[in-house]
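Got the viewer open? Load the model, pick a plain cartoon view, and follow along one selection at a time.

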Amino acid sequence: MTYRVLMLPGDHIGPEIVAEADKVLRCLADAFGLAVELEYANLGGCAVDAEGTPLPASTLGLARQADAALLGAVGGPEWDGLARERRPERGLLAIRAELGLFANLRPAILFPELAGASSLRPEVVSGLDILIVRELTGGIYFGDPRGIRERTDGVREGFNTLVYGADEIARIGQVAFAAAERRGGQLCSVDKANVLESSELWREVMTGLAPSHPGVELSHMYVDNAAMQLVRAPRQFDVMVTGNLFGDILSDCAAMLTGSIGMLPSASLDEQGFGLYEPVHGSAPDIAGQGKANPLATLLSVAMMLRHSLDEGDLADRVEQAVARVLASGLRTADLAAPGDSVTPTAAMGDAVVEALRAEAG
Ligand code: NAD
C-alpha cells in the first residue's frame with residue numbers, strides 16, 4: 001500500500017521547514033522502502049493570495065483522501081488586516097474542525113544536549129519526556145451559547161459555555177490511556193473538579209475507563225496544581241490528559257521547559273487515525289527567508305506521523321534517533337546555538353538528518 005501524504009507548507013518559514021520534511025520522507029522512501037506519495041496544497045495566507053480563501057475546497061478534498069497531512073505554519077502580518085473569516089489562522093481552525101481532529105498530542109521532550117536551553121535548572125529538566133493529550137474540538141472554545149450582550153443595567157458582558165459530553169471525554173480518554181500503555185504507564189487527568197461540574201463528569205468518565213486499562217496508573221490533578229507541578233518537578237509526569245482550554249495553556253507551559261519552540265512537534269488525530277502533523281511554532285515572519293528556521297520540530301512531526309498515521313513505528317524511531325545524533329554531533333540552528341557556537345542553516349540541518357538516516361541504512 002502506498003501512503004498518501006498531503007504537504008501544506010503554508011506561510012513564511014513554512015515552506016522552508018516543509019522542504020526539509022520532504023527530503024526526509026524521500027530518503028525514507030529511497031533508503032528504507034517507505035511507500036509514500038507526496039501531494040502539495042495551499043493552506044493559510046498563501047491560499048488567501050492564490051485562491052481567495054484560507055482553506056480552499058480543493059485542499060480539504062485532498063486532505064480527506066490522504067492518510068496524513070503535514071503542515072508548516074500559517075499566518076503573518078500581511079494578512080492581519082483581513083476580515084476574521086479570511087485570516088490564515090481561520091484556515092487552520094477550519095481544517096481541524098472539518099476533519100474532526102479531536103485529539104491533540106503534544107510531546108515535550110528535552111534532548112540531553114539541550115538541557116542548558118531550558119528556563120529551569122538542568123537537574124530539574126534533563127531527561128524530561130511528557131506527552132500532553134489535549135481535547136481539541138470541544139469545551140469552552142466551541143460551547144454554545146456564546147457572545148457579547150447587554151445586561152438589563154446597560155453594561156455589556158461577554159459569555160461562553162464550558163460543556164463536555166461523556167462521549168467526548170471517553171473518546172479523548174481512550175487516546176490518552178492507549179498512549180500511556182505505549183509509554184511509561186502513568187496517566188494524569190487534569191481538571192478543576194472542585195469548582196466545575198463539567199470537570200466532575202470528566203473525572204467520573206476517566207475513572208470509569210481505568211479498569212479496562214490495568215497497565216495504566218491513573219491519577220487526577222487540579223489544573224492550578226498541575227501548572228505548578230509542571231514548573232516545580234516536571235519529570236513526575238508521563239502522559240497528561242485534559243480539556244481544550246486547560247490543555248492549551250499547560251501544553252505551552254510544558255513546551256517552554258524544553259527550551260526551544262523550534263524543537264516541538266504535534267499531532268491532531270481523528271477517530272480513524274488520520275492526523276494533521278505540525279510543529280508547535282508559528283510562521284516566524286521575523287526570520288523567514290534567512291535560513292534561520294529550525295526544521296527539527298517539523299522533522300519530529302514527520303516521526304509522529306510515521307508512528308500514529310502510517311503504522312511505521314520503526315521508521316519513526318529512526319527519524320527521532322537521527323535527530324538525536326545530529327544534536328549530539330554538535331550541530332545547532334540559530335535558536336539552539338549558545339554564544340560562540342557556529343550556526344547551521346535550515347537546509348544544512350535537514351541534510352544532516354538525512355545523512356544520519358542514510359548512515360543507518362548502510
Ligand atoms: P512564532 O512561533 O511564529 O514565533 C515566535 C518566535 O519564535 C519568533 O521569534 C520566531 O523567530 C521564533 N521561532 C518560531 N519558530 C521557529 C523555528 N522553527 N526556528 C527558530 N525560531 C523560531 O509566533 P508569532 O511570532 O507569535 O506568530 C507569527 C505568525 O504565526 C502569526 O501570524 C501567528 O498567527 C502565526 N501562528 C501560526 C501557528 C500555526 O500555524 N500553527 C501557530 C502560532 C502562530
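Start by selecting Asp311, which sits in the loop between H10 and H11; helices here are DSSP runs of H or I with at least four residues, strands are E runs of at least two, and both are numbered from the N terminus. Asp311 has a positive phi of about 55° although it is not a glycine. For background, most residues other than glycine have a negative phi, and most peptide bonds are trans.

Before moving on, keep in mind that this is a predicted model, where local features need pLDDT of at least 70 and side-chain atom pairs count only at pLDDT 80 or more, while totals for chains, interfaces and linings use all residues. Residues are numbered from 1 along each chain as its sequence is written, and side-chain values use heavy atoms, with hydrogens and water left out.

**The helices on either side of that loop**

Now show H10 and H11 together. Their axes come within 7 Å and cross at roughly 160° (axes are lines fitted to C-alpha atoms, for helices over the stretch in contact, and angles run from 0 to 180 degrees between N-to-C directions). That makes H10 roughly antiparallel to H11; angles over 145 degrees count as roughly antiparallel, under 35 as roughly parallel, 65 to 115 as roughly perpendicular, and the rest as oblique. The crossing of H10 past H11 is left-handed, meaning the near helix is turned anticlockwise from the far one by less than a right angle, with clockwise giving right-handed. For the contact (heavy atoms within 4.5 Å), turn on side chains for Leu296, Leu299, Leu300, Ala303, Leu306 and Arg307 of H10, and on the H11 side for residues including Leu315, Val319, Val323 and Leu327. By class, this contact of H10 with H11 has 10 nonpolar, 1 polar and 3 charged residues (Ala, Val, Leu, Ile, Met, Phe, Trp, Tyr, Cys and Pro count as nonpolar, Asp, Glu, Lys and Arg as charged, and the others, Gly among them, as polar).

**Over to H1**

Keep H11 on and add H1, residues 13-32. The axes of H1 and H11 come within 12 Å and cross at roughly 120°, so the two are oblique to each other. Val24, Leu28 and Phe32 of H1 touch Leu315, Arg318 and Val319 of H11.

Next, swap H11 for H12, residues 346-361. How do H1 and H12 run, roughly parallel or roughly antiparallel? Their axes come within 9 Å and cross at roughly 15°, which makes H1 roughly parallel to H12. H1 passes H12 in a right-handed crossing. Among the contact residues are Glu16, Lys23 and Phe32 of H1 and Asp351, Leu357 and Arg358 of H12. The class split for H1 with H12 is 10 nonpolar, 2 polar and 6 charged.

**The ligand**

Zoom to the ligand and select its surroundings: 19 residues, each with a heavy atom within 4 Å of it. The closest are Val74, Glu89, Gly282, Ala284 and Asn294. Then check some polar contacts (pairs of N or O atoms within 3.5 Å):

- A polar backbone atom of Val74 is 2.9 Å from a ligand oxygen atom.
- A polar side-chain atom of His281 lies 3.1 Å from a ligand nitrogen atom.
- An N or O atom in the Glu278 side chain is 3.2 Å from a ligand nitrogen atom.

Stay on Ala284: its phi is near 40°, a positive value in a residue other than glycine. Ala284 belongs to the loop between strand S12 (275-279) and helix H10 (296-308).

**Last stop**

Finish at Pro145, in the loop between strand S5 (129-135) and strand S6 (147-150). The peptide bond from Asp144 to Pro145 is cis, with omega near 0°.

Terms used:
A polar contact is a pair of N or O atoms within 3.5 Å; within protein, one must be able to donate a hydrogen and the other to accept it, and residues adjacent in sequence count only if both atoms are side-chain atoms.
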